[in-house]
Amino acid sequence: MLYLVATPIGNLEDMSLRAIRILREADVVACEDTRHARILFERHGIRPKRLVSYHSHNEKSRAAELADELRAGASVAVVTDAGTPGISDPAWAIVREAIGLGIEVIPIPGACAAIAALSASGMDTTRFVFEGFLPLKKGRRARIAQIAGEDRSVVIYESPFRIKRLLEELLAACGPERRVALAREITKIHEEFVRGTIPEVLAAVELRFPETVKGECVVVLEGNDGKTEMEEEGSE
Ligand code: SAM
């Protein structure tokens with residue numbers, strides 16, 4: 001049995017009773033960063049039977065090892081550094097492996113930055129698209145053009161170092177009327193939502209953070225209602 005256990009995205013209280021129980025009972029707990037996981041486990045009195053690390057640098061070899069354990073009948077619980085395993089993090093490789101082996105995969109739901117940001121963004125939540133992280137270079141411009149034309153709300157994960165650049169790119173592609181919400185440090189002490197048109201949010205961010213935006217961020221873009229001013233093609 002493979003359990004995908006959601007963990008908090010900041011506030012350690014955002015942990016379900018079921019998640020705590022599964023982490024106590026599983027034969028193996030695989031986590032992205034053992035030091036990070038130990039802080040959470042200590043807070044909730046979780047002493048895993050066996051703790052192994054599982055991250056983007058060893059995901060292939062570790063996925064194969066965990067697959068052997070699963071095949072042998074062990075229960076494995078996967079946690080990542082924050083939120084729901086498999087959502088823009090390395091856990092998806094083991095999920096795929098387990099499904100391929102015919103092993104049951106059970107989600108233990110909880111925090112997810114994308115859903116938390118979307119729910120409080122003020123954007124239409126009836127239909128939305130999750131873009132995760134955009135490509136850094138190759139294909140980025142095309143992806144942004146695609147996003148600008150999207151009529152559903154769009155949820156994007158972005159590094160704080162690139163937030164201003166992303167807002168500028170969205171402004172160029174979507175025009176000044178489009179609304180956006182920047183969700184920063186959700187569930188943490190400095191949690192904040194900056195909502196407005198793209199130029200308003202960009203101005204607020206530049207005023208508050210002349211150097212670099214601080215903390216983890218999610219951007220939620222309003223869907224295109226048909227009035228978007230598209231950037232001229234081929235001007236890259
Ligand atoms: N699996 C996670 C989830 O369920 O949301 C996402 C992991 S992904 C590697 C990390 C990204 O999620 C960050 O770069 C940021 O965009 C977003 N994120 C995670 N925690 C956040 C928080 N507390 N506030 C805002 N964004 C957060």
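A pocket is an open set of grid points, where a 1.4 Å probe fits, with protein on both sides within 12 Å along at least five of seven lines.

**View 1. The ligand occupies the largest pocket.** This is a predicted model. The space taken by the ligand is the pocket in question, the largest one. Strands β7 (153-158) and β10 (217-221) are the elements that each give two or more residues to the shell around the ligand.

**View 2. The shell holds 18 residues around the ligand.** The closest are Ile9, Thr84, Ala113, Tyr157 and Cys217. By type, the shell has 10 nonpolar residues, three polar and five charged.

**View 3. Two domains contribute to the shell.** Domain 1 spans 2-108, and domain 2 spans 113-221. Each gives at least three residues to the shell around the ligand.

**View 4. Backbone atoms meet polar atoms of the ligand.** At Thr84, a backbone N or O atom lies 2.8 Å from a ligand oxygen. Ala113 also places a backbone N or O atom 2.9 Å from an oxygen atom of the ligand. At Ile87, a polar backbone atom is 2.9 Å from a ligand nitrogen. On its own, the ligand has 580 Å² of accessible area, and the protein covers 90% of that.

Note on methods
Residues are numbered from 1 along each chain as its sequence is written. This is a predicted model: local features need pLDDT of at least 70, side-chain atom pairs count only at pLDDT 80 or more; totals for chains, interfaces and linings use all residues. Side-chain values use heavy atoms; hydrogens and water are left out. A residue is near a molecule or strand if one of its heavy atoms lies within 4 Å of it. A polar contact is a pair of N or O atoms within 3.5 Å; within protein, one must be able to donate a hydrogen and the other to accept it, and residues adjacent in sequence count only if both atoms are side-chain atoms. Accessible areas come from the Shrake-Rupley method with a 1.4 Å probe; for residues, only the protein chains shown count as cover. On a 1 Å grid over the protein atoms alone, a cavity is a set of points where a 1.4 Å probe fits but cannot get out, and a pocket is an open set with protein on both sides within 12 Å along at least five of seven lines; lining residues have an atom within 4 Å of a point. A molecule sits in a cavity or pocket if more than half of its atoms lie within 2 Å of its grid points. Helices (H or I, at least four residues) and strands (E, at least two) are DSSP runs, numbered from the N terminus. Ala, Val, Leu, Ile, Met, Phe, Trp, Tyr, Cys and Pro count as nonpolar, Asp, Glu, Lys and Arg as charged, and the others, Gly among them, as polar. Domain bounds come from an automatic or database domain assignment.
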